[in-house]
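Student: I have a structure open here and would like to check the words people use for it. Could we go through some of them together?

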Amino acid sequence: MAGGGEPMLLDLVQEISSFSCGSNGSKEAPLFKKDSTDLVRRVALLTHLLEEIRDFKGDSQPSDASTLPDWGSDLVLALQAAQRLLSVASSYSSNTISDGASKRIAFQFQCVTSKLEKALGNIPYEHFDISEEVQEQVQLVRTQLRRAAKRYGCSSAKMISHAISQPLERQFDRAQSSKMIAHSVSNNHEVTAKLEMVPGSNVRKRRGAVQMVSITESAMTLFTSSDTSLSKDIDAAKQENSSTDIEEEKEQVVVIPDDFLCPISLELMRDPVIVATGQTYERSYIQRWIDGENATCPKTQQKLENLTLTPNYVLRNLITQWCTEHNIEQPNGLVNGKMKKSDGSLHDVSGDVQAIQTLVRKLSSRSMEERRAAVVEIRSLSKRSTDNRILLAQAGVIPVLVSLSTTDDTLIQENAVTSILNLSIFENNKGLIMLAGAIPSIVQVLRAGSMEAKENAAATLFSLSLADENKIIIGASGAIPALVELLQNGSIRGKKDAATALFNLCIYQGNKGRAVRAGIITALLKMLTDSRNCMVDEALTILSVLASNQEAKIAIVKASTIPVLIDLLRTGLPCNQENAAAILLALCKKETDNLACISRLGAVIPLTELARSGTERAKRKATSLLEHLRKLQRP
């Protein structure tokens with residue numbers, strides 16, 4: 001067996017697969033029976049995958065591995081969240097639930113399905129030599145989970161609609177999104193390393209013990225319901241678990257204190273914030289709730305007098321202390337002056353730690369020259385290696401760099417912003433940068449900094465927005481108008497950095513309207529008609545993302561973009577032709593006026609030629625659009 005965590009994963013899958021969705025202690029069927037049944041069915045399909053992983057005879061990990069790999073930890077967390085949600089959802093019927101609680105549980109189904117889909121995407125299938133048949137089965141499960149998450153997001157006008165792990169597949173081919181991101185990385189003049197997508201995990205398996213969250217009374221207090229059926233289910237679960245060896249359970253299970261769990265995500269909080277009602281939530285989840293036009297506290301259903309999110313520093317410190325006491329791995333991977341290598345071994349970095357700490361202290365020197373020299377050196381160090389990015393963050397450099405990024409000294413500002421960009425390459429640093437309140441400072445630089453600082457500020461926003469929850473926070477910060485301004489009036493490099501950041505931010509549905517209101521359509525049309533043709537690809541890619549949004553559709557048509565798109569069908573490069581066809585198809589879905597417009601403007605001939613000799617994607621889009629035109633012309 002390749003790793004020590006697969007049996008636990010199999011146990012979780014088997015427990016969920018045997019979950020009964022039809023009984024809740026009342027005469028009526030559970031309100032979320034279909035949702036629960038679908039989730040159980042999808043999880044059950046993972047059995048063959050985990051069996052193949054269990055039976056794999058690889059030599060990369062010993063059979064007694066003391067820690068789960070990142071993909072295993074992510075999958076455990078996702079399955080545990082699914083298990084807890086099923087327990088809670090099964091207790092409600094239509095006559096025992098309020099509208100607020102119903103809405104909350106639907107939101108939780110969205111979060112869990114999205115989390116599970118992401119976890120499945122991180123499994124190294126090739127390493128375990130997973131059979132094609134099982135891979136196809138898992139791909140089917142992932143597709144179903146993506147659709148489910150999207151359905152939950154669109155089921156209500158006030159429901160959260162956040163981007164899931166691979167949202168680009170809903171808009172255009174995977175190759176197109178890869179091209180856009182690859183272009184961003186290759187275009188970045190400072191960061192030479194590939195952006196490292198290191199999946200984070202809230203709870204890891206510690207040596208000799210798996211840290212699992214028990215189903216306790218927290219499930220009851222989470223939803224503030226007086227229904228006693230839930231407590232009966234919990235008591236039954238406790239009774240069932242009591243048959244296990246108590247001493248073994250004490251050794252192998254660490255129960256997260258209820259106060260440390262976010263009432264929305266059911267996960268250990270990393271960035272707890274307090275809302276106006278005094279309740280505490282994980283920042284990213286409550287921000288999604290608010291961004292979905294919800295003006296009530298999810299737990300108490302009281303109206304929020306204001307939407308201010310106040311950091312709960314006391315609770316954050318308690319959680320950090322608790323994680324340390326229970327050997328829960330911290331994000332930086334640094335333990336007692338030693339750094340973990342990719343092969344799991346440790347190497348001594350204590351000397352580097354001392355040197356970096358000394359350098360960071362110089363950032364606060366009274367000497368301007370010493371500060372300048374220190375920030376230049378930090379920029380250089382942050383560019384060189386992942387170890388440096390970890391050590392610099394551990395030394396507390398991020399908050400200092402954030403404060404220096406708005407200084408009047410141009411040299412210090414440019415180097416501070418670029419250092420933050422370099423540090424953000426390491427995935428776990430993204431959260432620290434967000435915790436340091438960097439976004440307002442970066443936006444300020446984007447508005448008033450030097451051109452180099454603006455360019456790197458835009459690149460930093462792109463890097464941070466790779467995390468879905470950050471797309472929401474950045475979008476709400478006022479960054480989008482500043483990025484659109486750079487897109488219109490920046491240098492070529494600045495325009496490309498702004499385009500990449502806007503592309504990524506606009507994957508989140510809530511940011512599309514913000515971009516339209518900031519004037520992005522006018523800027524994109526100018527890029528399409530620029531005789532130099534240097535940013536046609538970027539403009540079309542962003543339009544491909546926006547075209548599914550109704551507000552954007554209206555603005556695109558109003559800006560007289562359709563004739564330009566039809567002209568690109570005739571004269572554009574193959575990639576431009578397929579994007580133009582995709583945008584026109586999106587504009588014409590359920591829009592007969594737009595269909596009639598492209599017919600009058602002579603789109604049939606270039607579409608027919610594209611359907612015959614274009615790229616595979618272009619053929620599909622052109623054929624579909626021609627079929628819509630034929631239906632329009634039928635009597």
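Tutor: Gladly! This is a predicted model, and of the 635 residues in the protein chain, 53% count as buried. The chain holds 32 helices and six strands.

Student: What share of the exposed area comes from carbon and sulfur atoms?

Tutor: Carbon and sulfur atoms supply 50% of the roughly 27,800 Å² that the protein chain exposes. As for contacts, take those between residues at least 6 apart in sequence: 72% of them join residues at least 24 apart.

Student: Let's turn to helix packing. Why are α17 and α20 called roughly parallel?

Tutor: The axes of α17 (residues 410–423) and α20 (residues 451–464) cross at roughly 20°. Angles under 35 degrees count as roughly parallel, so α17 and α20 earn that description. Their axes come within 9 Å, and the crossing of α17 past α20 is left-handed.

Student: Which residues meet where α17 packs on α20?

Tutor: From α17 there are Gln-413, Glu-414, Val-417, Thr-418, Ile-420 and Leu-421. Their partners in α20 are Glu-452, Ala-453, Asn-456, Ala-457, Ala-459, Thr-460 and Ser-463. Sorted by class, this contact has six nonpolar, five polar and two charged residues.

Student: And what makes α14 and α17 roughly parallel?

Tutor: Helix α14 (residues 368–384) packs against α17 at an angle of about 25°. The limit for roughly parallel is under 35 degrees, and therefore α14 and α17 fall in that class. Their axes are 9 Å apart, and α14 passes α17 in a left-handed crossing.

Student: Which residues of α14 and α17 make that contact?

Tutor: The α14 side is made by Met-368, Arg-371, Arg-372, Val-375, Val-376, Ile-378, Arg-379, Ser-382 and Lys-383. The α17 side is made by Leu-411, Ile-412, Glu-414, Asn-415, Ala-416, Thr-418, Ser-419, Asn-422 and Leu-423. By class, the residues of the contact between α14 and α17 divide into eight nonpolar, five polar and five charged. Glu-414 and Thr-418 appear here, and they are also listed for the contact with α20.

Student: How do you know that helix α16 is mostly covered?

Tutor: By its residues: α16 (residues 397–404) has eight, and six of them are buried. Those six are Val-397, Ile-398, Val-400, Leu-401, Val-402 and Leu-404.

Student: Now some individual residues. Why is Asn-549 called buried?

Tutor: Asn-549 has a relative accessibility of 10%. Buried means under 20%, so Asn-549 qualifies. Asn-549 sits in the loop between α26 (536–546) and α27. Leaving aside neighbours within four places in sequence, Asn-549 is in contact with Gln-509 and Lys-512.

Student: What makes Glu-282 a buried residue?

Tutor: The same kind of reasoning applies. Glu-282 has 12% relative accessibility, and with the limit for buried at under 20%, Glu-282 therefore counts as buried. Glu-282 belongs to strand β2 (residues 280–282). Not counting residues up to four places away in sequence, Glu-282 touches Cys-262, Met-269, Arg-270, Asp-271 and Pro-272.

Student: Why does Ala-295 count as partly exposed?

Tutor: The relative accessibility of Ala-295 is 38%. Buried is under 20% and exposed is over 50%, with partly exposed in between, so Ala-295 is partly exposed. Ala-295 lies in the loop between α11 and β3, where it touches Gln-302, Lys-303 and Leu-304, not counting residues up to four places away in sequence. Ala-295 and Leu-307 are 12 residues apart in sequence, and their C-alpha atoms are 7.9 Å apart in space.

Student: What is the phi of Gln-301?

Tutor: Gln-301 is not a glycine, although its phi is positive, about 65°. Gln-301 is found in the loop between α11 (283–291) and β3 (310–311). With a relative accessible area of 32%, Gln-301 is between the 20% and 50% limits, so Gln-301 is partly exposed.

Student: And how do you know that Ser-560 is partly exposed?

Tutor: The relative accessible area of Ser-560 is 46%. Exposed would need over 50% and buried under 20%, so Ser-560 is partly exposed. Ser-560 lies in the loop between α27 (550–558) and α28 (562–571). Phi of Ser-560 is positive too, near 60°, in a residue other than glycine.

Terms used:
Residues are numbered from 1 along each chain as its sequence is written. This is a predicted model: local features need pLDDT of at least 70, side-chain atom pairs count only at pLDDT 80 or more; totals for chains, interfaces and linings use all residues. Side-chain values use heavy atoms; hydrogens and water are left out. Axes are lines fitted to C-alpha atoms, for helices over the stretch in contact, and angles run from 0 to 180 degrees between N-to-C directions. Helices (H or I, at least four residues) and strands (E, at least two) are DSSP runs, numbered from the N terminus. Angles under 35 degrees count as roughly parallel, over 145 as roughly antiparallel, 65 to 115 as roughly perpendicular and the rest as oblique. A crossing is left-handed if the near helix is turned anticlockwise from the far one by less than a right angle, and right-handed if clockwise. Contact means heavy atoms within 4.5 Å. Ala, Val, Leu, Ile, Met, Phe, Trp, Tyr, Cys and Pro count as nonpolar, Asp, Glu, Lys and Arg as charged, and the others, Gly among them, as polar. Buried means under 20% relative accessible area, exposed over 50%, partly exposed in between (1.4 Å probe, protein chains only). Accessible areas come from the Shrake-Rupley method with a 1.4 Å probe; for residues, only the protein chains shown count as cover.
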